[in-house]
Amino acid sequence: MTERYVLSYVHAAPLLLARQAGEATARTSLDLGLTTSEVHLGAERVVFSDGQWLRWEAVEEIAEDESVCYAVEDNAAVKIQRFSGVSNMVYVLMPTQRAPTVLVSGIQMHRVRDTDPWQDTLEKIRALSPLQGRVLDTCTGLGYTAIAAAKTAQSVTTIELDSDMLEIARLNPWSAPLFEHPKISQVVGDSYEEVERFEASSFARIIHDPPMLNRAGELYSSEFYRRLYRILKDRGRLYHYVGDPESRSGRNTIRGVSRRLRDAGFQRVDTRARAFGVVAYK
Ligand SMILES: C[S@@+](CC[C@H](N)C(=O)[O-])C[C@H]1O[C@@H](n2cnc3c(N)ncnc32)[C@H](O)[C@@H]1O
(Lines give C-alpha, C1' and ligand atoms only; values in the text may rest on other atoms or scores of the structure.)
Protein backbone atom coordinates (compact mmCIF):
# COMPACT_ATOMS: atom_id res chain seq x y z
CA MET A 1 0.00 0.00 0.00
CA THR A 2 1.26 3.51 -0.84
CA GLU A 3 2.32 5.51 2.20
CA ARG A 4 -0.01 8.49 2.72
CA TYR A 5 1.80 11.76 3.29
CA VAL A 6 0.05 14.80 4.71
CA LEU A 7 1.69 18.20 4.85
CA SER A 8 0.79 21.66 6.08
CA TYR A 9 2.55 25.01 5.87
CA VAL A 10 4.25 24.15 9.19
CA HIS A 11 6.18 21.27 7.66
CA ALA A 12 6.52 22.54 4.08
CA ALA A 13 8.32 25.73 5.09
CA PRO A 14 11.49 23.95 6.37
CA LEU A 15 11.85 22.24 2.98
CA LEU A 16 11.99 25.60 1.21
CA LEU A 17 14.55 26.88 3.73
CA ALA A 18 16.75 23.81 3.27
CA ARG A 19 16.57 24.19 -0.49
CA GLN A 20 17.57 27.86 -0.21
CA ALA A 21 20.52 26.81 1.94
CA GLY A 22 21.63 24.41 -0.82
CA GLU A 23 21.02 21.22 1.20
CA ALA A 24 20.60 17.91 -0.63
CA THR A 25 18.37 16.41 2.07
CA ALA A 26 16.14 17.69 4.86
CA ARG A 27 14.12 16.31 7.76
CA THR A 28 10.50 17.27 8.18
CA SER A 29 7.22 15.72 9.19
CA LEU A 30 5.06 14.05 6.57
CA ASP A 31 2.28 13.27 9.09
CA LEU A 32 1.51 16.68 10.61
CA GLY A 33 4.15 16.52 13.32
CA LEU A 34 3.72 12.99 14.68
CA THR A 35 7.05 11.71 13.25
CA THR A 36 9.87 13.10 11.11
CA SER A 37 11.39 11.68 7.90
CA GLU A 38 14.34 12.46 5.70
CA VAL A 39 13.52 13.65 2.17
CA HIS A 40 15.70 14.27 -0.87
CA LEU A 41 15.75 17.81 -2.29
CA GLY A 42 16.10 17.66 -6.08
CA ALA A 43 16.36 20.50 -8.56
CA GLU A 44 12.73 20.17 -9.67
CA ARG A 45 11.11 18.33 -6.79
CA VAL A 46 11.16 16.87 -3.30
CA VAL A 47 11.45 13.09 -3.33
CA PHE A 48 10.18 10.99 -0.39
CA SER A 49 11.91 7.80 0.76
CA ASP A 50 9.46 5.51 -1.08
CA GLY A 51 9.84 7.36 -4.41
CA GLN A 52 6.70 9.52 -4.22
CA TRP A 53 7.46 13.16 -4.97
CA LEU A 54 6.11 16.72 -5.11
CA ARG A 55 7.20 19.50 -7.44
CA TRP A 56 8.62 22.59 -5.73
CA GLU A 57 5.61 24.61 -6.98
CA ALA A 58 3.35 22.30 -4.95
CA VAL A 59 5.56 22.64 -1.85
CA GLU A 60 5.41 26.44 -2.23
CA GLU A 61 1.61 26.32 -2.52
CA ILE A 62 1.37 24.33 0.74
CA ALA A 63 3.84 26.63 2.53
CA GLU A 64 1.80 29.70 1.59
CA ASP A 65 -1.57 28.27 2.65
CA GLU A 66 -2.26 28.34 6.40
CA SER A 67 -5.91 27.41 5.95
CA VAL A 68 -5.79 23.73 4.94
CA CYS A 69 -3.71 20.53 5.13
CA TYR A 70 -2.71 18.76 1.92
CA ALA A 71 -2.46 15.05 1.08
CA VAL A 72 0.09 13.83 -1.46
CA GLU A 73 -1.87 11.92 -4.13
CA ASP A 74 -0.30 10.78 -7.40
CA ASN A 75 2.62 13.13 -6.74
CA ALA A 76 0.29 16.15 -6.47
CA ALA A 77 -0.83 18.17 -3.42
CA VAL A 78 -4.57 17.79 -2.80
CA LYS A 79 -6.47 19.91 -0.25
CA ILE A 80 -8.11 17.86 2.49
CA GLN A 81 -11.66 19.22 2.36
CA ARG A 82 -15.14 17.85 1.65
CA PHE A 83 -18.61 19.15 1.03
CA SER A 84 -21.03 17.33 3.32
CA GLY A 85 -24.41 16.39 1.88
CA VAL A 86 -25.62 15.69 5.44
CA SER A 87 -24.95 19.14 6.87
CA ASN A 88 -24.69 21.09 3.58
CA MET A 89 -21.44 22.52 4.90
CA VAL A 90 -17.81 22.42 3.81
CA TYR A 91 -15.34 20.60 6.08
CA VAL A 92 -11.70 21.71 5.86
CA LEU A 93 -8.82 20.05 7.74
CA MET A 94 -7.13 23.10 9.22
CA PRO A 95 -3.49 22.93 10.38
CA THR A 96 -2.22 24.17 13.72
CA GLN A 97 1.27 23.84 15.19
CA ARG A 98 0.06 20.55 16.70
CA ALA A 99 -3.02 18.43 15.89
CA PRO A 100 -5.23 19.84 13.12
CA THR A 101 -8.87 20.76 13.61
CA VAL A 102 -11.78 20.92 11.18
CA LEU A 103 -13.30 24.16 10.01
CA VAL A 104 -17.03 23.60 9.60
CA SER A 105 -18.14 26.42 7.33
CA GLY A 106 -15.61 28.68 8.99
CA ILE A 107 -16.10 27.57 12.63
CA GLN A 108 -13.35 25.56 14.34
CA MET A 109 -14.37 22.20 15.76
CA HIS A 110 -11.79 22.42 18.57
CA ARG A 111 -10.37 25.30 20.57
CA VAL A 112 -7.20 26.83 19.12
CA ARG A 113 -6.93 30.19 20.90
CA ASP A 114 -4.37 29.96 23.77
CA THR A 115 -4.45 26.17 23.36
CA ASP A 116 -4.47 23.54 20.58
CA PRO A 117 -6.95 20.84 19.58
CA TRP A 118 -5.09 18.06 21.40
CA GLN A 119 -4.73 20.06 24.63
CA ASP A 120 -8.41 20.98 24.31
CA THR A 121 -9.22 17.27 24.09
CA LEU A 122 -7.13 16.39 27.15
CA GLU A 123 -9.01 19.02 29.21
CA LYS A 124 -12.30 17.35 28.28
CA ILE A 125 -10.95 13.94 29.30
CA ARG A 126 -9.48 15.32 32.54
CA ALA A 127 -12.93 16.61 33.50
CA LEU A 128 -14.07 12.96 33.70
CA SER A 129 -11.03 11.66 35.56
CA PRO A 130 -10.65 8.86 36.49
CA LEU A 131 -11.88 7.81 33.08
CA GLN A 132 -12.47 4.06 33.42
CA GLY A 133 -14.97 1.40 32.39
CA ARG A 134 -17.15 1.52 29.28
CA VAL A 135 -17.23 4.97 27.69
CA LEU A 136 -19.68 6.46 25.20
CA ASP A 137 -18.49 9.33 22.99
CA THR A 138 -21.62 10.82 21.39
CA CYS A 139 -19.94 12.87 18.62
CA THR A 140 -16.85 11.37 16.95
CA GLY A 141 -15.65 14.30 14.80
CA LEU A 142 -11.91 13.72 14.29
CA GLY A 143 -12.01 11.07 17.01
CA TYR A 144 -9.70 12.89 19.41
CA THR A 145 -11.94 12.42 22.47
CA ALA A 146 -12.44 8.74 21.61
CA ILE A 147 -8.69 8.22 21.10
CA ALA A 148 -7.72 9.99 24.33
CA ALA A 149 -10.43 8.12 26.28
CA ALA A 150 -9.21 4.76 24.93
CA LYS A 151 -5.91 5.22 26.81
CA THR A 152 -7.56 4.39 30.14
CA ALA A 153 -11.12 3.20 29.38
CA GLN A 154 -12.14 -0.45 29.16
CA SER A 155 -13.81 0.32 25.79
CA VAL A 156 -15.05 3.33 23.84
CA THR A 157 -18.13 3.46 21.61
CA THR A 158 -18.20 6.57 19.45
CA ILE A 159 -21.07 7.81 17.25
CA GLU A 160 -20.84 10.11 14.21
CA LEU A 161 -23.74 11.29 12.08
CA ASP A 162 -21.76 12.38 9.05
CA SER A 163 -19.70 9.94 6.97
CA ASP A 164 -18.04 12.90 5.20
CA MET A 165 -16.58 13.94 8.56
CA LEU A 166 -15.19 10.41 8.94
CA GLU A 167 -13.66 10.68 5.45
CA ILE A 168 -11.76 13.77 6.64
CA ALA A 169 -10.72 11.84 9.77
CA ARG A 170 -9.41 8.99 7.59
CA LEU A 171 -7.00 11.40 5.92
CA ASN A 172 -5.82 12.93 9.20
CA PRO A 173 -2.74 11.19 10.68
CA TRP A 174 -3.77 12.27 14.21
CA SER A 175 -7.08 10.38 13.78
CA ALA A 176 -5.45 7.07 12.73
CA PRO A 177 -6.06 5.31 16.10
CA LEU A 178 -9.81 5.90 15.63
CA PHE A 179 -9.70 3.30 12.86
CA GLU A 180 -7.10 0.99 14.42
CA HIS A 181 -7.43 1.00 18.21
CA PRO A 182 -8.85 -2.34 19.41
CA LYS A 183 -10.81 -0.65 22.25
CA ILE A 184 -12.69 1.77 19.94
CA SER A 185 -15.97 0.80 18.19
CA GLN A 186 -17.48 3.22 15.72
CA VAL A 187 -21.17 3.73 15.00
CA VAL A 188 -22.34 5.83 12.06
CA GLY A 189 -25.72 7.32 12.94
CA ASP A 190 -27.64 9.95 14.85
CA SER A 191 -26.75 9.88 18.54
CA TYR A 192 -30.25 11.03 19.42
CA GLU A 193 -31.60 7.75 18.02
CA GLU A 194 -28.60 5.46 18.50
CA VAL A 195 -28.46 5.87 22.30
CA GLU A 196 -31.88 4.22 22.51
CA ARG A 197 -30.28 0.94 21.38
CA PHE A 198 -28.05 0.64 24.48
CA GLU A 199 -29.22 -1.17 27.60
CA ALA A 200 -29.85 0.82 30.75
CA SER A 201 -26.71 1.50 32.85
CA SER A 202 -24.34 0.52 30.01
CA PHE A 203 -21.67 3.20 30.47
CA ALA A 204 -19.50 4.47 33.33
CA ARG A 205 -18.67 7.70 31.49
CA ILE A 206 -20.25 9.66 28.64
CA ILE A 207 -18.42 12.32 26.63
CA HIS A 208 -20.89 14.65 24.93
CA ASP A 209 -19.06 17.05 22.61
CA PRO A 210 -21.78 18.26 20.22
CA PRO A 211 -21.81 21.03 17.60
CA MET A 212 -23.02 24.39 18.90
CA LEU A 213 -26.56 24.65 20.23
CA ASN A 214 -27.87 26.48 17.15
CA ARG A 215 -26.62 23.64 14.91
CA ALA A 216 -27.75 20.63 16.94
CA GLY A 217 -30.64 21.64 19.24
CA GLU A 218 -31.82 18.04 19.77
CA LEU A 219 -28.47 17.14 21.36
CA TYR A 220 -29.13 19.80 24.04
CA SER A 221 -32.74 18.78 24.69
CA SER A 222 -34.30 17.44 27.92
CA GLU A 223 -35.36 14.30 26.07
CA PHE A 224 -31.78 13.57 24.93
CA TYR A 225 -30.46 14.16 28.46
CA ARG A 226 -33.04 11.67 29.81
CA ARG A 227 -31.80 9.14 27.25
CA LEU A 228 -28.19 9.67 28.36
CA TYR A 229 -29.21 9.39 32.03
CA ARG A 230 -30.84 6.01 31.35
CA ILE A 231 -27.73 4.46 29.79
CA LEU A 232 -25.33 5.83 32.43
CA LYS A 233 -24.45 3.61 35.39
CA ASP A 234 -25.25 4.74 38.96
CA ARG A 235 -22.50 7.11 40.09
CA GLY A 236 -21.53 7.49 36.40
CA ARG A 237 -20.56 10.88 34.98
CA LEU A 238 -21.31 12.86 31.86
CA TYR A 239 -19.02 15.53 30.41
CA HIS A 240 -20.91 18.00 28.19
CA TYR A 241 -19.04 20.60 26.09
CA VAL A 242 -20.94 23.85 26.25
CA GLY A 243 -18.62 26.70 25.21
CA ASP A 244 -16.70 29.52 26.84
CA PRO A 245 -18.15 29.96 30.37
CA GLU A 246 -16.80 33.54 30.38
CA SER A 247 -18.84 34.60 27.35
CA ARG A 248 -22.44 35.75 27.67
CA SER A 249 -23.73 33.06 25.28
CA GLY A 250 -21.64 30.41 27.10
CA ARG A 251 -23.08 31.46 30.47
CA ASN A 252 -26.64 31.34 29.14
CA THR A 253 -26.09 27.95 27.55
CA ILE A 254 -24.53 26.54 30.73
CA ARG A 255 -27.51 27.76 32.77
CA GLY A 256 -30.04 26.11 30.43
CA VAL A 257 -28.02 22.90 30.01
CA SER A 258 -27.50 22.55 33.79
CA ARG A 259 -31.20 23.04 34.52
CA ARG A 260 -32.27 20.48 31.92
CA LEU A 261 -29.65 17.97 33.11
CA ARG A 262 -30.97 18.24 36.67
CA ASP A 263 -34.56 17.89 35.39
CA ALA A 264 -33.44 14.74 33.58
CA GLY A 265 -32.38 13.25 36.94
CA PHE A 266 -28.69 14.17 37.35
CA GLN A 267 -27.97 14.83 41.04
CA ARG A 268 -25.27 17.43 40.61
CA VAL A 269 -23.97 19.52 37.70
CA ASP A 270 -20.59 21.29 38.02
CA THR A 271 -19.12 23.83 35.63
CA ARG A 272 -15.62 22.90 34.42
CA ALA A 273 -14.28 26.20 33.11
CA ARG A 274 -10.97 24.81 31.77
CA ALA A 275 -12.84 22.19 29.78
CA PHE A 276 -15.45 24.71 28.53
CA GLY A 277 -18.19 22.42 29.78
CA VAL A 278 -20.08 20.86 32.64
CA VAL A 279 -19.85 17.50 34.41
CA ALA A 280 -23.13 15.91 35.49
CA TYR A 281 -23.25 13.16 38.15
CA LYS A 282 -25.81 10.35 38.29
C1 LIG B 1 -17.52 19.19 18.09
S2 LIG B 1 -17.43 17.88 16.97
C3 LIG B 1 -16.82 16.56 17.95
C4 LIG B 1 -15.33 16.60 18.12
C5 LIG B 1 -14.79 15.31 18.64
N6 LIG B 1 -15.18 15.07 20.01
C7 LIG B 1 -13.27 15.22 18.48
O8 LIG B 1 -12.61 14.90 19.48
O9 LIG B 1 -12.76 15.45 17.39
C10 LIG B 1 -19.12 17.44 16.76
C11 LIG B 1 -19.36 16.27 15.79
O12 LIG B 1 -20.68 15.78 15.99
C13 LIG B 1 -21.20 15.36 14.76
N14 LIG B 1 -22.67 15.32 14.91
C15 LIG B 1 -23.58 16.31 14.71
N16 LIG B 1 -24.81 15.90 15.01
C17 LIG B 1 -24.69 14.61 15.42
C18 LIG B 1 -25.62 13.62 15.86
N19 LIG B 1 -26.93 13.90 15.94
N20 LIG B 1 -25.17 12.39 16.19
C21 LIG B 1 -23.83 12.10 16.11
N22 LIG B 1 -22.90 13.00 15.69
C23 LIG B 1 -23.33 14.22 15.36
C24 LIG B 1 -20.68 16.39 13.78
O25 LIG B 1 -20.72 15.90 12.45
C26 LIG B 1 -19.26 16.60 14.30
O27 LIG B 1 -18.37 15.72 13.68
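Which helices and which strand each supply at least two residues of the shell around the ligand? Helix 4 (144-149), helix 7 (191-194) and strand 13 (155-160) do so. Helices here are DSSP runs of H or I with at least four residues, strands are runs of E with at least two, and both are numbered from the N terminus.

Before the tour proceeds, two conventions apply. Residues are numbered from 1 along each chain as its sequence is written. The model is predicted: local features need pLDDT of at least 70, side-chain atom pairs count only at pLDDT 80 or more, and totals for chains, interfaces and linings use all residues.

**The ligand shell**

Select the 21 residues around the ligand, where a residue is near a molecule if its C-beta atom, placed from the backbone, lies within 6 Å of it. Of these 21, C139, G141, Y144, L161 and S191 come nearest. Colouring the shell by class gives 12 nonpolar, 5 polar and 4 charged residues; Ala, Val, Leu, Ile, Met, Phe, Trp, Tyr, Cys and Pro count as nonpolar, Asp, Glu, Lys and Arg as charged, and the others, Gly among them, as polar.

**Strand 13 and its partner**

Next, select strand 13. Because 5 of its 6 residues are buried, strand 13 is largely enclosed by the rest of the structure. A residue is buried if 20 or more other C-beta atoms lie within 10 Å of its own, exposed if 12 or fewer, and partly exposed in between, with C-beta atoms placed from the backbone. Add strand 12 (residues 134-137), which pairs with strand 13 in the parallel sense over 4 bridges; two strands pair if DSSP finds at least two bridges between them. Within this pair, D137 stands opposite T158.

**From D137 to V269**

Now display V269, which is found in strand 17 (residues 268-272). The C-alpha atoms of V269 and D137 are separated by 19 Å, and the two residues are 132 apart along the chain. V269 counts as partly exposed because it has 18 C-beta neighbours inside 10 Å. Leaving aside neighbours within four places in sequence, V269 is in contact (C-beta atoms, placed from the backbone, within 7 Å) with S258, L261, R262, V278 and A280.

**The open sheet**

Move to the sheet formed by 4 strands in the order 2-3-4-5, which is open and antiparallel in its pairing. Strand 2 (25-28) and strand 5 (53-55) stand at the edges with a single partner strand each, so one side of each is left without a neighbour in the sheet. Neighbouring strands are turned by 30° against each other on average, direction ignored; axes are lines fitted to C-alpha atoms, for helices over the stretch in contact, and angles run from 0 to 180 degrees between N-to-C directions. Helix 1 (residues 9-20) packs on this sheet, touching strand 2, strand 3 (37-41) and strand 4, and its direction makes about 160° with that of strand 2. Helix 2 (residues 56-64) also packs on the sheet, touching strand 4 and strand 5, at about 80° to the direction of strand 5.

Follow the pairings across the sheet:

- Strand 2 and strand 3 are joined by 4 bridges, and R27 stands opposite E38.
- Strand 3 and strand 4 form a hairpin with 3 residues between them; L41 stands opposite V46.
- Strand 4 (residues 45-47) and strand 5 pair over 3 bridges, with V47 opposite W53.

**The whole chain**

Finally, show the entire chain, which has 9 helices and 18 strands. Its C-alpha trace spans about 65 × 40 × 35 Å along the principal axes. Buried residues make up 39% of the 282 residues.

Methods
Contact = placed C-beta atoms within 7 Å.
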